[in-house]
Each structure stands twice: as C-alpha cells, then as structure tokens.
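Please follow this walk through the structure with the coordinates open beside you, and turn to each residue as the text names it.

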Amino acid sequence: MSGSEQDRVQAIYDEFAKTYDEHYSAKEFQEEDSALFKIVKPWIQGRVLDLGCGTGLTLSYTDVSKENYLGVDPSHGMLQKLTAKFPGYKTVENTFEGFNKTNTETFDTVLGLYGAPSYFDKEDYKEVLEALNPKGHYFLMFYKPGYFPSHIYTPEDIEAAKARIDYDLINETFENTFIFTSYLVATNIPKEFLPIGNRT
Ligand SMILES: C[S@@+](CC[C@H](N)C(=O)[O-])C[C@H]1O[C@@H](n2cnc3c(N)ncnc32)[C@H](O)[C@@H]1O
C-alpha cells in the first residue's frame, strides 16, 4: 500500500491500541478466539514469526517461549501493549514488507492473525512463503471479500483497502483457503484438519 495509506493505518492502530484489548474482551470475541486457536494451536511450533502481531494475541493463547518468538508490527502503540503484557518477547516495529527487505531468517510457523495480512502489499504475498522452513506451516487471515472493520475506518479507507486486496492472487499463491467468521484464511495446514465444508 502507499506510504500515506500505511501511515494512516499505523495512526489508526496507535489510537485503537489504547482500547484494543478491552474491545476484544467481549464474550463473542473470546469465543471466536477459542474456536480459532482450537484449529491453529497444534500447528504453532518451533520458531514463530507473528506478522501484524498487535498486542500479542498469539502469546495469550499459546506457550511459545521468548527464544522462539518474533512479532512484527508497524504500530508502536500496539507493540507497547504487547511488551507490557509479555516482557522479554522480541518484536520489530516495521511492516512485514519493510522487515522482509533485510530478513534472512526462516521460521517453522508464520502467522498473520485477524486481518493483519490484508495490509501487506500484494507483491509481498509470496514472500511469506520465503520466510518459512520447508516443513513449516503458515496461517494467514485476510479480511474476507466484502468485509473490512468498519468501526475503525472511514468508508473511503474501506474502499481503498478493498481495492488493494487481491483475492485471486491469494488463491493462486497459497495452498488452502477457507472462511473463518469474517476472514479468508490462507494456510498449508492439511485440509483434513480444517473446518472446510462440502468436501468430497
Ligand atoms: C486487526 S490487527 C490484528 C492484531 C493481532 N494479529 C491480533 O489478532 O490481535 C491488525 C494488525 O496489523 C498491523 N499491520 C498493519 N499494516 C501492517 C503491515 N503492512 N505489516 C504488518 N502488520 C501490519 C496493525 O498495526 C495491527 O496491529
């Protein structure tokens, strides 16, 4: 996305960070989190790269050690919350695209939970796979077609963002896709472990 759009997203998340955890502590979101981690937790293993890690949701639901975790997020406000809750866990204050320019490490697990990959430049979708060890697993939650969180964005932001996400490319680039609540998940977790309907 353009530099000015990325600046705007960061400003929005810096502000939202102040109430993010309270907002998502509502019962409906806790139930969504439980359902999500039931699917993904068994696959979160080894070195974990948490893209758009926010305030540290992954760390709230798993027991990934400090040595095995790296969170990447451009929002200073979101990362401040993560560090206050999980001292000693390493984070990088950058976009995935910026981080990826100099990163040489590969990971056993690459996560992008609850919409974070929707902000990546589409040219960088395939770069997620480059950051993965050969036997590793990725789990990326894009906003599903037609959805964008309207409680934090203006209608103009939403139109620009919707035009930016390339769903055809997501389907071409990643192995399996399925809808989970408001998200299009792209993952290489085998299909038999996913809640994919209408399988033959
Ligand atoms: C909806 S929040 C999700 C946070 C966390 N994954 C969770 O599930 O609670 C989206 C996050 O993506 C981050 N983000 C925005 N643009 C990004 C980019 N280009 N690369 C990585 N993260 C980005 C935001 O700062 C925000 O923290």
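In this predicted model, A84 is exposed because 10 other C-beta atoms lie within 10 Å of its own, and a residue with 12 or fewer such neighbours is classed in that way. A84 sits in helix 5, which spans residues 76-85. Although A84 and T55 are separated by 29 residues in sequence, their C-alpha atoms are 9.1 Å apart in space.

From helix 5 one can move to the strands that flank it in the chain. Strand 2, helix 5 and strand 3 together form a β-α-β unit, and this unit is right-handed. The two strands of the unit, strand 2 and strand 3 (residues 90-93), run parallel to one another and are paired over four bridges, with L70 standing opposite K90 of strand 3. Strand 2 also pairs with strand 1 (residues 48-51), again in the parallel sense and over four bridges, and here L70 of strand 2 is the bridge partner of L49. L70 therefore takes part in both pairings, being matched with L49 and placed opposite K90, while strand 2 itself (residues 69-73) is mostly covered, with four of its five residues buried. As a general point, side chains in a regular strand alternate between the two faces of the sheet.

Strand 1 leads on to strand 4, since these two strands pair in the parallel sense over three bridges, and V48 is found opposite T109 of strand 4. How much of strand 4 is buried? Five of the six residues of strand 4 are buried, so the strand is largely enclosed by the rest of the structure. Strand 4 is paired in addition with strand 5, in the parallel sense and over five bridges, and in this pairing G112 lies opposite L140 of strand 5. A right-handed β-α-β unit is made here too, by strand 4, helix 7 and strand 5.

The loop that precedes strand 1 also makes contact with strand 4. I44 is placed in this loop, between helix 3 (27-40) and strand 1, and I44 counts as buried because it has 21 C-beta neighbours inside 10 Å, where 20 or more are required. Leaving out residues up to four places away in sequence, I44 touches T62, V64 and T109, the last of which is the residue of strand 4 that stands opposite V48. By contrast with these contacts, the C-alpha atoms of I44 and F86 are separated by 18 Å, the two residues being 42 apart along the chain.

Strand 5 brings the reader to the nonpolar interior. Which residues of the largest nonpolar core touch the most other members? Among the 42 residues of that core, they are L140 and F142. Strand 5 (residues 132-143) gives the most to this core, contributing six residues. When neighbours within four places in sequence are set aside, F142 is in contact with P117, S118, I165, I170, Y183, L184 and A186.

One of these contacts, Y183, belongs to strand 7 (183-187), and the loop between strand 6 (176-180) and strand 7 holds T181. T181 has a phi near 45°, a positive value in a residue other than glycine. T181 is partly exposed, because 15 other C-beta atoms lie within 10 Å.

A positive phi, near 50°, is also found at Y114, again a residue other than glycine. Y114 lies in the loop between strand 4 (107-112) and helix 7 (125-130), and it counts as buried because it has 22 C-beta neighbours inside 10 Å.

Y114 is, moreover, one of the residues closest to the ligand, together with G52, G54, T95 and Y119, in a shell of 21 surrounding residues. The elements that give two or more residues to this shell are helix 1 (3-16), strand 2 and helix 6 (96-102). By residue class, the shell around the ligand consists of 14 nonpolar, five polar and two charged residues. Strand 2 thus returns at the end of the walk, as a contributor to the shell around the ligand and as a strand paired in the parallel sense with strand 1 and with strand 3.

Technical notes:
Residues numbered from 1 in each chain as written. Predicted model: local features only at pLDDT ≥ 70, side-chain atom pairs only at ≥ 80, totals over all residues. Pairing = 2+ DSSP bridges. Right-handed = clockwise from strand over helix to strand, strands pointing away. Core = buried A, V, L, I, M, F, W, Y, C linked by C-beta atoms within 7 Å. Contact = placed C-beta atoms within 7 Å. Near = placed C-beta within 6 Å. Nonpolar A, V, L, I, M, F, W, Y, C, P; charged D, E, K, R; others polar.
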